[in-house]
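Dear colleague,

I am handing over the structure below, and my notes on its strands and helices follow directly after it. Please read them with the model open beside you.

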Amino acid sequence: MRRPLIAGNWKMNGSKIDAEELLRGVIAGVADMNKVDVAVCPPFPYLYVAEQMLAETAVGWGSQDVSREEGGAFTGQTSAAMLTDFGCRYAIVGHSERRQFNGETDSIVGRKYARAVAEGIIPILCVGETLEERESGKTEEVVGNHIDAVINLSGVEALAHGVVAYEPVWAIGTGVTATPDQAQEVHAFLRARVAAKSREVADQLRILYGGSMKPGNAVDLLAQSDIDGGLIGGAALKAADFVSICQAAQSSV
Ligand code: PEP
């Protein structure tokens with residue numbers, strides 16, 4: 001049985017005061033949930049706030065990115081070791097916004113994944129196709145390449161230390177959600193891709209869905225056999241909505 005994970009990706013939103021208020025709402029809202037892992041990924045400057053406020057709670061925290069380098073002269077980057085200094089349990093890697101706006105290739109994402117694992121951080125590897133790729137029948141090829149980038153560099157065992165998030169690019173921040181069937185189809189494909197290398201790793205691997213997941217569609221998405229949680233963008237910025245998605249995950253078990 002895979003334990004669901006609901007992770008909030010706050011992106012570049014809010015202020016320090018907003019972060020504190022949001023964290024207070026999440027802490028109070030999920031306090032009694034014992035069947036789901038809950039995490040938030042605030043902007044880098046607020047990781048300290050997360051560490052201060054979440055340390056005594058069951059809510060985990062993580063970053064939205066991590067450097068592929070170990071350390072040194074890499075201005076503006078943040079190493080995995082620095083993230084562990086701030087108690088991060090997770091790091092999102094390969095988010096489509098970073099692939100699109102920061103030119104991150106599969107090989108860069110694979111190295112980021114490896115750096116996170118090397119420091120004991122759980123990478124949340126984002127994979128997903130654009131609308132154009134879906135419409136030209138390339139979904140499996142694209143998400144297959146995204147996951148192979150990790151397998152080829154670090155071996156399938158590396159996936160035992162991470163989480164995958166299927167995030168169709170056309171569903172991110174658009175209000176258009178993949179239907180439960182569409183999402184399940186890709187999740188099952190990803191699990192089969194991993195199972196071809198290791199059935200054991202595939203059976204344990206948590207594959208989250210991300211892309212306009214909200215309180216109103218979370219129950220149906222989380223009911224799918226290969227959907228093990230959610231990576232939540234917009235709805236993670238409102239404590240009540242995020243908590244309601246966590247509740248859906250708690251009830252799905
Ligand atoms: C995301 O960017 O990871 C995401 C899932 O965003 P949204 O929920 O807003 O679509």
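**Two helices at an angle**

Helices H5 and H7 lie oblique to each other, because their axes cross at roughly 55°, an angle that falls outside the ranges counted as roughly parallel, roughly antiparallel or roughly perpendicular. This is a predicted model, and everything that follows should be taken in that light. H5 spans residues 106–118 and H7 residues 139–154, and their axes come within 9 Å of each other, with H5 passing H7 in a right-handed crossing. On the H5 side the contact is made by Asp106, Gly110, Arg111, Tyr113 and Ala114, which meet Asn145, His146, Ala149, Val150, Leu153 and Ser154 of H7. Sorted by class, the residues of this contact comprise five nonpolar, four polar and two charged ones.

**The barrel**

Eight strands close into a barrel, following the order E1-E2-E3-E4-E5-E6-E7-E8 with parallel pairing, and neighbouring strands of this sheet are turned against each other by 25° on average when direction is ignored. Helix H11, residues 239–252, packs on the sheet, where it touches strand E1 (5–9), strand E2 (37–41) and strand E8 (229–232), and the direction of H11 makes about 160° with that of E1.

Two of the strand pairings can be described in detail. E2 and E3 run parallel and are joined by two bridges, and Val40 has Trp61 in E3 as its bridge partner. Within strand E3, residues 60–63, Gly60 and Gly62 point one way while Trp61 and Ser63 point the other way, and all of these residues are buried. Strand E4 (residues 90–93) and strand E5 (residues 122–127) likewise pair in the parallel sense, over four bridges, and here Ile92 stands opposite Ile124 in E5.

**A second helix pair**

H11 also has a helical partner, since helix H1 (residues 16–30) and H11 have axes that come within 9 Å and cross at roughly 30°, which makes H1 roughly parallel to H11, the cut-off for that description being an angle under 35 degrees. H1 passes H11 in a right-handed crossing. The residues that meet are Leu22, Gly25, Val26, Gly29 and Val30 in H1 and Ala239, Phe242, Val243 and Cys246 in H11. By class, this contact of H1 with H11 holds seven nonpolar and two polar residues, and no charged ones.

With best regards

Key:
Residues are numbered from 1 along each chain as its sequence is written. This is a predicted model: local features need pLDDT of at least 70, side-chain atom pairs count only at pLDDT 80 or more; totals for chains, interfaces and linings use all residues. Side-chain values use heavy atoms; hydrogens and water are left out. Two strands pair if DSSP finds at least two bridges between them. Axes are lines fitted to C-alpha atoms, for helices over the stretch in contact, and angles run from 0 to 180 degrees between N-to-C directions. Contact means heavy atoms within 4.5 Å. Angles under 35 degrees count as roughly parallel, over 145 as roughly antiparallel, 65 to 115 as roughly perpendicular and the rest as oblique. A crossing is left-handed if the near helix is turned anticlockwise from the far one by less than a right angle, and right-handed if clockwise. Ala, Val, Leu, Ile, Met, Phe, Trp, Tyr, Cys and Pro count as nonpolar, Asp, Glu, Lys and Arg as charged, and the others, Gly among them, as polar. Buried means under 20% relative accessible area, exposed over 50%, partly exposed in between (1.4 Å probe, protein chains only).
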